Amino acid sequence: MSSHREAPDDGRADVTYRFEFTTEITNPNSFLYSTGPIDSLDGGNWNRRQFYSLTRIEDGREHRLAHKLQCPPCNVGPLSTPTYADLVRQATYTLSTGERVFAGQRADGFFVDLGATFDLGTLRPFQQLHVAGKRVFRVEGEPVNATDRMNVHSIAVQVPLARVRRRANRYGVADRASVVGVWTSASRRQVRVRGERGAADTVAGPFAQVSRLGNPLFAVPPQPSPVWVRRTTASATRRRRPH
């Protein structure tokens, strides 16, 4: 997983933060995620742990910022993760280079009425004005937040401004130095061979991009699926070209 920053002119990343994740199984003879309450990141009840390294890439040079940082467990519930807020604090790291990082579950902060949106593009507050809805609805409706009380897997990096913006004498609203373009991409190795009888999997080949997100809700709905698939796997530079 990579987070990219660019100056708003060429679609090429000036700075990239690359997260590389690994999973470790404490007890391979158990299918359970945990066998009791998880009260700390090194607790013995937690069976499936995830770690990540963080690398900063700038001007073609790689700088490993951290290795084997730990993710908190999934927020399973009050029996498995009774002190989840404490686990989140333990898994939030401040690096010597000034960045702060976290990778784990958080409450989804997005509001979207998925049920109405995919019901022929209805917006409940205006449903009585919809081409098809006006034959069914007489008054406006109340929107429903489909992601309320839902968790989302989050990868967060807080970066000092000096590391992401251009050097300039001033940073006015209309100045180019005040604009920063940010997007993320996810990549996987091209080949994975499953291990036999509990043996570890083998991965090979270069990393291939499988996802790229900047403004996903703007990019997805207006496009046919084949076009979106091509744009998802394309680099930012290639996406600037018309299809």
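This is a guided tour of one structure, moving from paired strands to a nonpolar core, a pocket and a few single residues. The model is a predicted one, and residues are numbered from 1 along each chain as its sequence is written.

**Stop one: strands S2 and S4**

Begin by selecting residues 15-25, which form strand S2, together with residues 61-70, which form strand S4. Within this selection, show the side chains of Arg18 and Glu62, which form a salt bridge whose closest N and O atoms are 3.1 Å apart. Because Arg18 belongs to S2 and Glu62 to S4, this pair ties together parts that are 44 residues apart in sequence. If you switch on a surface, Arg18 counts as partly exposed at 22% relative accessibility, whereas Glu62 is exposed, with a relative accessible area of 53%.

Keep the two strands in view and add Glu24 and Lys68, another salt bridge, with the closest N and O atoms 3.1 Å apart. Glu24 lies in S2 and Lys68 in S4, so this pair too ties together parts that are 44 residues apart in sequence. Both partners are partly exposed, Glu24 at 34% relative accessibility and Lys68 with a relative accessible area of 45%. Before leaving Lys68, look at its backbone, where phi is near 55°, a positive value in a residue other than glycine.

**Stop two: Arg192 and Asp201, and a small network**

Now move along the chain and select Arg192 and Asp201, which form a salt bridge with their closest N and O atoms 3.3 Å apart. Arg192 counts as partly exposed at 46% relative accessibility, and Asp201 is partly exposed as well, with a relative accessible area of 30%. Then return to Arg18 and Glu62 and add Glu20 to the selection, since salt bridges that share partners join Arg18, Glu20 and Glu62 into one network. The structure holds 9 salt bridges, and the pairs visited so far are among them.

**Stop three: the largest nonpolar core**

Next, hide the charged side chains and select Tyr52, Leu54, Leu69, Tyr93, Leu95 and Val101. The largest nonpolar core has 21 residues, and these six touch the most other members. To see which parts of the fold meet here, colour S2, strand S3 (48-58), S4, helix H1 (84-90) and strand S6 (100-107), the elements that give two or more residues to this core. Centre the view on Leu69, which, not counting residues up to four places away in sequence, touches Gln50, Phe51, Tyr52, Tyr93, Leu95 and Val101.

**Stop four: the largest pocket**

Which residues lie nearest the centre of the largest pocket? Select Phe21, Thr22, Ser187, Arg192 and Phe207 to find them, among the 23 residues that line the pocket. Arg192 is thus a residue you have already met, as the salt-bridge partner of Asp201. About 1000 Å³ of space lies in this pocket. The elements that give two or more residues to its lining are S2, S3, strand S8 (181-193) and strand S9 (202-213), and S8 gives the most, with 7 residues. If you colour the lining by class, you should find 9 nonpolar, 7 polar and 7 charged residues.

**Stop five: the loop between S2 and S3**

From the pocket, follow the chain into the loop between S2 and S3, where Ser34 is found, as is Thr35. Is each of these residues buried or exposed? Ser34 counts as buried, at 14% relative accessibility, while Thr35 is exposed, with a relative accessible area of 53%. Show what surrounds Ser34 and, leaving aside its neighbours within four places in sequence, you will see contacts with Asn45, Trp46, Asn47 and Ser80. For Thr35, place a distance label to Asn45, because although the two are 10 residues apart along the chain, their C-alpha atoms are separated by 5.0 Å.

**Last stop: Arg149**

Finish by selecting Arg149, which lies in the loop between helix H2 (114-117) and strand S7 (151-158). This residue is exposed, with a relative accessible area of 80%, and its phi is near 60°, again a positive value in a residue other than glycine.

Notes. Predicted model: local features only at pLDDT ≥ 70, side-chain atom pairs only at ≥ 80, totals over all residues. Heavy atoms only, no water. Salt bridge = Lys/Arg side-chain N within 4 Å of Asp/Glu carboxyl O. Helix = DSSP H or I, 4+ residues; strand = E, 2+ residues; numbered from the N terminus. Buried < 20%, exposed > 50% of the residue type's maximum accessible area, 1.4 Å probe, protein only. Core = buried A, V, L, I, M, F, W, Y, C linked by side-chain atoms within 4.5 Å. Contact = heavy atoms within 4.5 Å. 1 Å grid on protein atoms, 1.4 Å probe; cavity = no way out; pocket = protein on both sides within 12 Å on 5 of 7 lines; lining within 4 Å. Points joined across faces, edges and corners; volume = space filled by probe spheres on them. Nonpolar A, V, L, I, M, F, W, Y, C, P; charged D, E, K, R; others polar.
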